[in-house]
Amino acid sequence: MNTIVFLDLNFNQQIDVGEPTATLNAEGLYEFVEMDAHVSYSILATLPTGFQQVAPDADGNFEWEIFLPAGGDVTNRNFGFRRVQATGQSTSSIVSGRLFEDTNGSGLFEQGIEVSHGNVPIYLDANNNRRHNIGSDEPITLTNADGTFAIDGLSSQIVTLRTSLNDRFVHTTPLGNSFDLETSRLFSGVVAFDTASAATPSDFNLDGIADLAVANVSQNTLSILAGRADGVIIRETAHPIGTGEKGIDSMDVADIDNDGDLDIVATRLSDGGVSIFRNITDTTADPVHIQFEPLESFGVAQASVFERAPIVLANFDNDVSGPGGEGTVDIVAIPKSTATVNVMMNSLVDGGHRVALDGLNTISDLDFIITPTGDVVPPSVTDVRIAASGWATSFKSAVDPQNLRGAIVPGPSPLRPLSWHGLDTLFVEFSEDIQKATDGIIDAADLTLVGANVPDYKSASGIGITTSYTDGGGDGPFLLTIQLAGSANFEADRIVLGLSDSIVDLAGNPLGGNSIFGFNVLPGDVDGSGGVLANDVLMVNASQFTFAGAVGYDAFRDIDGSGAVFANDVLLANGRQFTFLPPESPAAPPTLDPGSVDEFFESITSDGEGELAAETGIKLFCNSEPNA
């Protein structure tokens with residue numbers, strides 16, 4: 001290594017005439033001997049061309065400061081350098097990035113939001129044939145659990161970084177192109193355009209100001225010049241075209257890979273190929289610099305365009321296969337001295353990152369964003385209803401005029417207490433056809449039904465549940481019916497229905513959205529207070545002789561679901577007086593002292609004999625039995 005280690009006697013950070021120097025031996029070692037003791041020294045080394053100093057680094061001012069004691073030795077004052085200019089033998093380039101699903105569509109990886117994928121092959125496609133060739137110089141690695149990857153030890157080369165996905169996923173970024181060639185004959189005697197250099201304007205950095213791409217035939221490069229608001233254009237960079245003596249014959253701009261920015265498509269004089277320069281300008285940077293990937297050549301291996309030819313870019317086949325139903329840009333080339341027109345029809349495929357490695361550089365943030373293929377929308381619950389088997393049609397029309405099933409159960413937050421007697425059925429409607437994850441029709445094993453008073457309705461003695469499912473003939477509604485077995489009803493309880501992720505759609509997507517539904521049942525609690533008391537009885541009694549659909553009808557007071565409030569509803573409410581919802585967690589329901597019951601009835605009667613003389617309709621007595 002061409003460096004000189006010296007003692008900086010005047011501490012000016014440079015080697016001066018007369019300052020002691022040391023020569024490196026074959027092992028890179030140096031030493032200074034017979035130095036004056038009790039003196040402080042600063043040891044520095046000159047920087048070799050093409051390297052940067054890493055030890056001591058900038059924090060240490062790139063020097064060693066020592067104090068030499070009498071008769072003492074100071075050792076291990078080493079200097080470290082790292083090559084920053086590549087040679088033909090450099091093999092220290094690195095490419096890295098991450099593979100993930102962009103669930104919120106931001107285009108960026110956000111921890112805790114996006115879905116990472118591990119064990120996905122990432123490889124360098126040296127010959128750009130879109131597949132990994134075993135045994136060739138195409139390094140391959142697998143993504144880590146967090147989706148990150150890195151391939152190091154790379155030499156100088158232009159290469160494409162690609163993924164190897166299974167058929168369950170495709171790219172959303174980056175996208176690439178595959179062309180199918182169709183050749184048609186022109187009119188007799190027609191000859192294509194002659195060879196010419198080219199220039200084309202376009203807004204490559206999306207700043208609203210025209211930029212310029214210029215083909216330099218003699219230099220065999222493509223120059224990008226950025227426009228400014230004052231009319232000045234600034235040379236950004238020059239991209240090599242290839243190895244031929246001449247460069248571009250014809251070029252145009254279009255969003256060839258449907259990523260939102262304009263790419264450059266050109267024909268090359270050296271091999272008759274069609275080359276694509278993909279625009280990778282980061283418009284969020286400050287300042288913005290126009291950037292293109294190294295060219296990717298088509299036409300020689302995939303679709304031959306053997307002669308020099310002008311090109312035209314447009315969606316000639318009117319396809320809508322791009323993102324969001326957009327069309328893709330096709331390429332038309334008319335080779336010189338022929339009577340044919342070549343149409344390269346574009347199809348979007350999983351793309352790659354084309355990078356130029358120099359053996360030392362590190363290129364990061366080469367991310368791949370993927371999305372599942374096919375049906376990826378999970379099924380969801382669209383409606384949950386509760387009902388009683390004995391409800392009249394007129395009553396159902398009052399609580400569920402659209403489907404005539406039952407009263408809605410809104411979700412995890414329970415309804416006000418349901419005041420109806422005889423509740424025994426739940427209806428769960430899904431957004432699409434469903435089944436067990438292990439195939440087969442869903443049943444009681446795919447749900448839970450628990451309460452505060454009844455810990456498990458499926459296994460409770462004398463209760464149990466039955467289930468049935470229908471797909472509505474294939475077109476819906478997709479309806480699961482859950483019914484308490486036998487003559488069992490839901491009585492006073494806080495109940496939660498839970499649906500398992502063992503429920504999937506026909507594509508295997510597990511149930512999404514809300515899968516927990518709570519409801520409270522307390523027959524007779526028409527005012528929703530959580531207890532059946534005198535006020536509930538009075539309210540039902542006051543609504544006698546009202547009918548479903550008529551003015552003044554309140555479905556919560558129609559306790560038996562007959563479609564009209566009659567004496568039986570009053571009796572049902574009266575017979576359940578002093579029943580209460582259980583506490584939030586299972587515990588013994590509250591009780592009342594018999595003396596307090598007597599006092600309560602005494603307080604609400606006019607004659608002290610348990611009779612509600614102030615209300616019309618029927619007489620109520622403490623020992624009345626409901627006609628259930």
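User: Which arginine lies over the face of tryptophan 64?
Analyst: Keep in mind that this is a predicted model. The distance to the ring centre of tryptophan 64 is 5.6 Å, and a charge sits over a ring if CZ of Arg is within 6 Å of the centre, given a suitable angle to the ring normal. The residue that lies over the face is arginine 77.

User: And how far is arginine 416 from the ring centre of phenylalanine 556?
Analyst: Phenylalanine 556 belongs to an aromatic cluster with Trp391, Phe395 and Trp420. Arginine 416 lies over the face of phenylalanine 556, and its distance from the ring centre is 3.8 Å.

User: How many aromatic pairs are there?
Analyst: Rings pair if their centres lie within 6.5 Å. By this rule, the count is twelve.

User: Are the rings of tryptophan 391 and tryptophan 420 stacked or edge-to-face?
Analyst: Their centres are 5.4 Å apart and their planes sit at 80°. Plane angles over 60 degrees count as edge-to-face. So this pair is edge-to-face.

User: How many residues apart in sequence are the parts tied together by tryptophan 391 and tryptophan 420?
Analyst: Both tryptophans are buried. Tryptophan 391 is in the loop between β29 and α1, while tryptophan 420 is in the loop between β30 and β31. The pair therefore ties together parts whose separation in sequence is 29 residues.

User: Where does phenylalanine 519, the ring partner of phenylalanine 490, lie?
Analyst: These two rings have centres 5.6 Å apart and planes at 85°, so they make an edge-to-face pair. Phenylalanine 490 is buried, with a relative accessible area of 1%, and phenylalanine 519 is buried with a value of 1%. Phenylalanine 490 lies in the loop between β35 and β36, and phenylalanine 519 lies in strand β38.

User: What do the buried residues of α3 pack against?
Analyst: Helix α3 spans residues 567-575 and is mostly covered, with seven of its nine residues buried. Among the buried ones are Val570, Leu571 and Leu572. The buried residues pack against α2.

User: Is threonine 328 buried or exposed?
Analyst: Threonine 328 is in the loop between β23 and β24. Residues it touches include Asn258, Ala314 and Leu348. Its relative accessibility is 0%, and since buried means under 20%, threonine 328 counts as buried.

User: Which residue's side chain makes a polar contact of 2.9 Å with the side chain of threonine 328?
Analyst: Threonine 328 also has a backbone oxygen close at hand: that of asparagine 346 lies 3.0 Å from a polar atom of the threonine side chain. The side-chain partner at 2.9 Å is aspartate 319.

Notes. Residues numbered from 1 in each chain as written. Predicted model: local features only at pLDDT ≥ 70, side-chain atom pairs only at ≥ 80, totals over all residues. Heavy atoms only, no water. Phe/Tyr/Trp six-rings, centres within 6.5 Å; stacked < 30°, edge-to-face > 60°. Helix = DSSP H or I, 4+ residues; strand = E, 2+ residues; numbered from the N terminus. Buried < 20%, exposed > 50% of the residue type's maximum accessible area, 1.4 Å probe, protein only. Lys NZ or Arg CZ within 6 Å of the ring centre and 35° of its normal. Contact = heavy atoms within 4.5 Å. Polar contact = N/O pair within 3.5 Å; in protein donor to acceptor, adjacent residues only side chain to side chain. Lists of a residue's contacts leave out its neighbours within four places in sequence.
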